[in-house]
Amino acid sequence: MALVRQTCERTGDGTAAIRRRSAVVDRILIEMWRRAFAGQPTQNVALLALGGYGRKDLFPYSDIDVLFAFADDKTEEQTREAVRAIIQGMWDIGLRASPASRTMKEAARFDPDNLEFTLATLDHRFLAGHFPLYQQLHQVVFPGLVLSEWNTITQKLGEIARARHAKYGNTIFHLEPNLKECPGGLRDYHLAVWFALLFHLKETREWPRQRGGVFQSARGDAEAAFDFLAAARCFLHFRHGRDDNTLDWQSQDEAAANSIGLETRGTADPAYWMRTYYRHARVIYRRAALLMEHLPAPVSFYRQFRRRRTPIAGTDFILDQGRIDILPGAQFSDTSAILRIFSLMATHGYTLSQAAEDRITDALPALAIHIPEGPYLWNALREVLLGPHAAHALRTMHALGVLEMFIPEFHLIDALVIRDSYHRYTVDEHTFLTIDNVHSLRQPTHDYEHRLAQLLPEIDRLDLFLLSLLLHDTGKGRRTGEHTIQSVELADSFLARLDFDAEERETVLKLIRMHLEMSNALRRDIFDLENVRRFSDKIGSPMLLKMLTLMTYADIKAVNPEALTPWKAENLWQLYMATANFMDRSVDEVRYHSAIDPTLLNRIRSMVPAGQYDQLKQFLEGLPQRYLHTRLPEHIRDHFQMAANLGKNPVQLDLRPHRQLFDLTVIARDRTRLFADVAGTLAAWGMNIVKAGAFSNDAGIVVDSFQFTDVFRTIELNPSEKERFLTNLHDVVAQKVPVEQLLDARRHMNNSGNAKVEVATRLQFDSESSTHSTILQVVAQDVPGLLRLIALTLSIHQCNIEVALIDTEGETAIDVFYLTSRGAKLTPELQQTLATDLTAALEAMRAPASA
């Protein structure tokens with residue numbers, strides 16, 4: 001043992017050490033056998049090595065499993081003393097004997113309560129005694145037993161493995177893993193070998209000529225993983241002087257200091273050493289899991305006739321009972337088929353067969369020559385991210401090297417360890433868990449999850465939000481500077497390859513840049529109004545607040561299973577509600593003043609000519625902070641330039657497509673009914689307003705924005721109509737043409753008779769939440785001309801719209817107006833009169849449909 005230890009410590013080769021110890025014990029037991037049976041007539045008995053010893057994987061302090069096999073009961077009785085002498089001799093010289101005795105009849109009998117013995121016989125070899133008896137066991141008894149009980153053995157083996165995985169949380173990520181029992185440990189390596197051997201035996205009805213031949217990975221990664229774990233386990237045995245397989249904190253430090261299992265000698269960083277461990281554990285765990293998925297389901301007459309192998313259109317893959325396999329001889333010429341496969345995995349939760357995984361991995365060098373970029377890559381990645389099983393698909397892409405091929409920046413965090421007692425998972429796994437946590441909100445379990453789940457459908461661009469999660473921690477791989485800044489830089493380079501527009505890029509980068517802000521805010525008094533105000537000012541927009549709330553929830557929960565306590569989740573929700581309420585109350589009162597906050601002024605100043613600085617300052621002065629926080633600096637610059645041209649043309653219009661919508665910006669000097677006239681013009685053209693906002697500065701310049709759908713595709717199918725639409729709009733805003741003239745021409749379009757859901761009209765006034773305005777919320781059926789009618793009624797009652805926030809959910813319009821009358825809040829009498837007239841007007845609009 002001393003010589004084995006010296007050799008192991010000198011070479012670092014754990015695999016060679018366990019083979020050497022096996023050979024030493026072989027010689028000892030063979031000599032013991034010779035002495036025990038010396039002078040006796042030849043007996044029909046044999047000595048076999050089983051289990052780890054049978055595999056020649058005899059670790060320094062492992063038990064030595066041996067089988068004494070007898071031809072019959074009489075032979076067992078005649079040789080009892082010799083066998084006892086051998087077992088006693090093993091203990092006397094320090095060998096931990098784990099003996100078993102079986103007659104040939106007993107060896108052929110399956111004991112469902114002792115599966116360990118049956119598994120041990122899978123790894124058997126001859127040591128001493130009557131060789132013909134061993135041949136009978138090897139060629140007839142053992143394979144006959146396994147084949148006759150094949151289904152039971154494989155099912156029980158799978159059940160035991162699943163129970164063991166569940167005991168360790170079904171994850172390879174543990175602060176102090178057990179190298180033998182944890183998922184991805186040596187037990188899983190042997191599990192994979194056993195399954196491979198069982199499948200081989202069932203197919204060929206004979207043992208493989210070379211045991212390792214049934215489990216050889218194409219890239220040698222499984223064998224390399226075993227060599228690393230063997231070295232680490234030998235190190236632990238020698239370190240503790242016993243069969244102790246727990247890789248505790250101090251053992252990790254010492255193993256790294258001695259570069260245990262690494263190709264290079266010297267001293268390694270403990271985090272780097274653990275990173276290597278997790279990479280190897282991931283390989284073994286995947287191999288074992290894939291082989292377990294090949295297990296047949298419990299026998300069912302009905303299932304025998306249900307099996308179908310369905311080709312996947314446009315690919316060389318087939319779907320077989322939830323598992324994606326590959327056709328023989330399939331060739332990959334581009335990435336489209338592979339991307340389609342991962343999209344299906346994300347959508348339906350399918351898994352890949354081992355053959356499919358190996359073929360994809362082998363094809364990567366050829367596919368990497370023409371890596372897709374731009375919208376094609378984004379559309380494929382987007383489908384994966386939006387699938388309910390996105391994390392499962394991304395893990396598979398990552399394990400096979402596909403994810404890094406498309407996103408090289410992600411390789412920096414591959415199996416990256418944050419070595420403290422708080423972060424349980426590697427950075428890549430943490431990233432996948434954050435995405436999984438978001439999708440899990442579709443089926444919430446805890447009370448706080450039910451509340452957070454309400455925010456999910458309100459996220460406008462869930463795809464961009466999930467992409468932010470995928471990239472939010474990539475900067476940790478650089479290990480220098482603030483990781484959020486590094487993550488933003490890496491994400492920016494990737495987004496450039498996707499050809500994102502400025503708004504999409506800024507959405508992703510802002511989320512990554514600010515993804516720790518809410519966690520930091522939780523460390524302050526969340527019920528302190530000043531803290532809420534500061535946090536609200538930093539976040540700026542309600543949509544960003546919703547995304548950061550979900551991002552913080554997913555991020556904290558993915559640190560370790562105990563990180564998100566119910567108390568912390570409650571605080572997160574309370575902070576969200578407090579900030580959302582503050583934003584709603586202050587939307588009309590928090591306005592921009594350059595003397596207080598020159599940062600934005602200086603940022604936009606660099607985008608305009610030097611001589612326009614004072615004009616820019618005047619344009620920004622008094623605009624609501626909500627306007628500034630929900631627009632890119634480039635958009636604000638464009639609006640300023642439009643405002644600067646009001647002297648040449650009193651109506652400035654900008655219309656541009658925005659995904660499935662159109663964005664319209666109207667800039668003019670404030671006047672009565674301006675908002676109502678624009679809304680009326682859109683209604684007259686059959687446009688459906690989805691969102692709208694009305695803002696003004698101290699100089700009386702109005703910036704009205706509308707997002708609408710072109711229901712009848714008028715502009716899309718008739719490009720020349722765009723100019724006529726803008727001309728109509730310009731003339732109405734300039735008061736050259738009354739909007740009623742346009743509405744009369746299209747009156748037949750105002751028909752809500754096809755509404756699927758009847759929405760009752762509800763009006764709610766609130767003069768408490770805002771210090772400057774009375775808030776009016778209108779919930780009504782979304783019909784053409786609704787916004788115009790509301791704005792017109794407000795104008796008739798001399799109500800000034802300070803801010804308008806227009807939203808649509810299905811067939812329900814939810815419009816919020818911050819109103820003043822002669823510079824003050826609305827009196828109770830005015831509220832009552834307005835409510836009566838507005839309700840009557842809305843009911844009259846719906847009357848034709850009901851008639």
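In the predicted model, the axes of helix α8 (residues 131-148) and helix α10 (residues 186-204) come within 10 Å of each other and cross at roughly 95°. Since angles of 65 to 115 degrees count as roughly perpendicular, α8 is therefore classed as roughly perpendicular to α10. The residues that make this contact are P143, V146 and L147 on the side of α8, and L198, L201 and K202 on the side of α10. The loop between α9 (150-167) and α10 holds N170, a residue with a positive phi of about 55° although it is not a glycine. With a relative accessible area of 46%, N170 is partly exposed.

Helix α8 also takes part in the packing around a sheet. This open sheet consists of four strands in the order β3-β2-β1-β4, with mixed pairing. Its edge strands, each of which pairs on one side only, are β3 (97-103) and β4 (125-129), and neighbouring strands of the sheet are turned by 25° against each other on average when direction is ignored. Within the sheet, strand β1 (residues 45-49) and strand β2 (residues 64-70) pair in the antiparallel sense over five bridges, and V45 has F70 in β2 as its bridge partner. Helix α5 (residues 80-92) packs on the sheet, where it touches β2 and β3, and its direction makes about 175° with that of β2. Helix α8 likewise packs on the sheet, but touches β1, β2 and β4, with a direction that makes about 60° with that of β1.

A further open sheet of four strands has the order β5-β6-β7-β8, and its pairing is again mixed. Here the edge strands are β5 (309-311) and β8 (351-352), each pairing on one side only. Strand β5 is joined by three bridges to strand β6 (residues 317-320), and the two run antiparallel; P311 stands opposite I318 in β6. Helix α15 (residues 354-367) packs on this sheet through contacts with β6, β7 (323-326) and β8, and its direction makes about 55° with that of β7. Between β7 and α14 (336-348) lies a loop that contains T335. This threonine has a relative accessible area of 5% and, because buried means under 20%, T335 counts as buried. When residues up to four places away in sequence are not counted, T335 touches L367, P372, Y376, M405 and F406.

Contacts between separate parts of the chain are also seen at R419, which lies in the loop between α18 (402-406) and α19 (427-440). The relative accessible area of R419 is 24%, which makes this residue partly exposed. The C-alpha atoms of R419 and Y272 are separated by 9.6 Å, while the two residues are 147 residues apart along the chain. Leaving aside its neighbours within four places in sequence, R419 is in contact with W249, Q252, D253, P270, A271 and M274. Two of these contacts can be described in polar terms: the side chain of R419 makes a polar contact of 3.2 Å with the side chain of Q252, and a polar contact of 3.0 Å joins the side chains of R419 and D253.

Helix α23 (residues 502-513) was examined for its length, its start and its surroundings. At 1.5 Å a residue, its twelve residues should span 16 Å, and the end C-alpha atoms are 16 Å apart, in agreement with that expectation. At the start of α23, a side-chain oxygen of D501 reaches to within 3.1 Å of the backbone nitrogen of E503. The buried residues of this helix are E504, E506, V508, L509, L511 and I512. Among the elements that cover the buried residues of α23 are α21 (462-471), α22 (483-497) and α26 (542-557).

A positive phi is also found at R673, a residue other than glycine, with a value near 65°. The place of R673 is in the loop between β10 (661-669) and α32 (674-684), and with a relative accessible area of 38% R673 is partly exposed.

Notes
Residues are numbered from 1 along each chain as its sequence is written. This is a predicted model: local features need pLDDT of at least 70, side-chain atom pairs count only at pLDDT 80 or more; totals for chains, interfaces and linings use all residues. Side-chain values use heavy atoms; hydrogens and water are left out. The expected span of a helix is 1.5 Å times one less than its number of residues. Buried means under 20% relative accessible area, exposed over 50%, partly exposed in between (1.4 Å probe, protein chains only). Contact means heavy atoms within 4.5 Å. A polar contact is a pair of N or O atoms within 3.5 Å; within protein, one must be able to donate a hydrogen and the other to accept it, and residues adjacent in sequence count only if both atoms are side-chain atoms. Two strands pair if DSSP finds at least two bridges between them. Axes are lines fitted to C-alpha atoms, for helices over the stretch in contact, and angles run from 0 to 180 degrees between N-to-C directions. Angles under 35 degrees count as roughly parallel, over 145 as roughly antiparallel, 65 to 115 as roughly perpendicular and the rest as oblique.
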